[in-house]
Amino acid sequence: MIHVRTSFDRPSADVVAALGRFSAATIHEAQGRKGALAHRLKPVDPGMSFCGPAFTAEAQAGDNIMVQVAISYARPGDVVIVAASEFEQAGSFGDVLATACQSKGLAAFVTDSGVRDSADLRELGFPVFSGSVCIEGTVKETLGTVNRPIPIGGQIVRPGDILRGDADGIVVVDPREAEEVVRLCQEREDHEADIREQHRRGDRTLIEVHGLAEKLKAKGLVVEE
């Protein structure tokens, strides 16, 4: 059995940068409300954000040996993302490994398990997203896989998929659809900018601006004046 694959197709840096201009929520909405990872996967600091290709790993719950293997083989710009059976009662990653990631130029670290040293991680500034924060340590015993499709946060994430994370959560984008998603994101941004401007002018009601009048009428909304 091959545990570690080191070669896979990565998206272009231009496409990654283009997607990175938009929020995770905007991307999720623009691509048809798909790709959102479970809401509990959040940054240890709300100011942390990232966009980059997935460098996937699957680890045994409570064991971080494959976390360290994945970090060792990841390349600058990669997002190391580890599925560990959503085991929250473990601090599988901390400031030492974050320093290693940052020194290698990685884009972020994501796990559905727990992390620790959260104050130090916030000070370091390297983007870390996790399912929990836990002081309990891990063992280094069981081999897993690197750069195979992984189940995480209710999605299947494949090596080279584009991940965008911010304060609100994480979304995954199929790189084959990325250019179209960028176009749809820009359309959505332009539309919302127009809506915000209409609200600032204040000459129409919210129901009018959002085009809700006919829908509310059809549903039988009754308002007592």
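Contact here means heavy atoms within 4.5 Å. The model is predicted.

**Exercise 1.** Determine which elements the buried residues of helix H6 pack against, and check the length of H6.

Solution.
- Helix H6 covers residues 178–201, which is 24 residues.
- At 1.5 Å a residue, H6 should span 34 Å; its end C-alpha atoms are 35 Å apart, so the two values agree.
- The buried residues in H6 are Ala178, Val181, Val182, Cys185, Ile195 and Gln198.
- Their packing partners are helix H1 (13–19), helix H2 (24–30), strand S11 (162–166), strand S12 (169–173) and helix H7 (206–209).
- After H6 comes Gly202, with a positive phi near 75 degrees.

**Exercise 2.** Find how many disulfides the model has, and treat Cys51 and Cys134 in turn.

Solution.
- A disulfide requires a pair of cysteine sulfur atoms within 2.5 Å.
- For Cys51, the closest cysteine sulfur is in Cys185, 10 Å away, and therefore too far for a bond.
- Cys134 is in no disulfide either: the nearest cysteine sulfur, that of Cys101, is 19 Å away.
- The count is 0 disulfides.
- Cys51 counts as buried because its relative accessibility is 18%, and buried means under 20%.
- Cys134 is buried as well, at 8% relative accessible area.

**Exercise 3.** Decide whether Ser113 is buried or exposed, and list what Ser113 touches.

Solution.
- Ser113 sits in the loop between strand S4 (108–111) and strand S5 (114–115).
- Its relative accessible area is 2%, so Ser113 is buried.
- Leaving out residues up to four places away in sequence, Ser113 touches Ala84, Phe87, Ala90, Ser92, Ser130, Gly131 and Ser132.

Terms used. Residues are numbered from 1 along each chain as its sequence is written. This is a predicted model: local features need pLDDT of at least 70, side-chain atom pairs count only at pLDDT 80 or more; totals for chains, interfaces and linings use all residues. Side-chain values use heavy atoms; hydrogens and water are left out. Buried means under 20% relative accessible area, exposed over 50%, partly exposed in between (1.4 Å probe, protein chains only). Helices (H or I, at least four residues) and strands (E, at least two) are DSSP runs, numbered from the N terminus. The expected span of a helix is 1.5 Å times one less than its number of residues.
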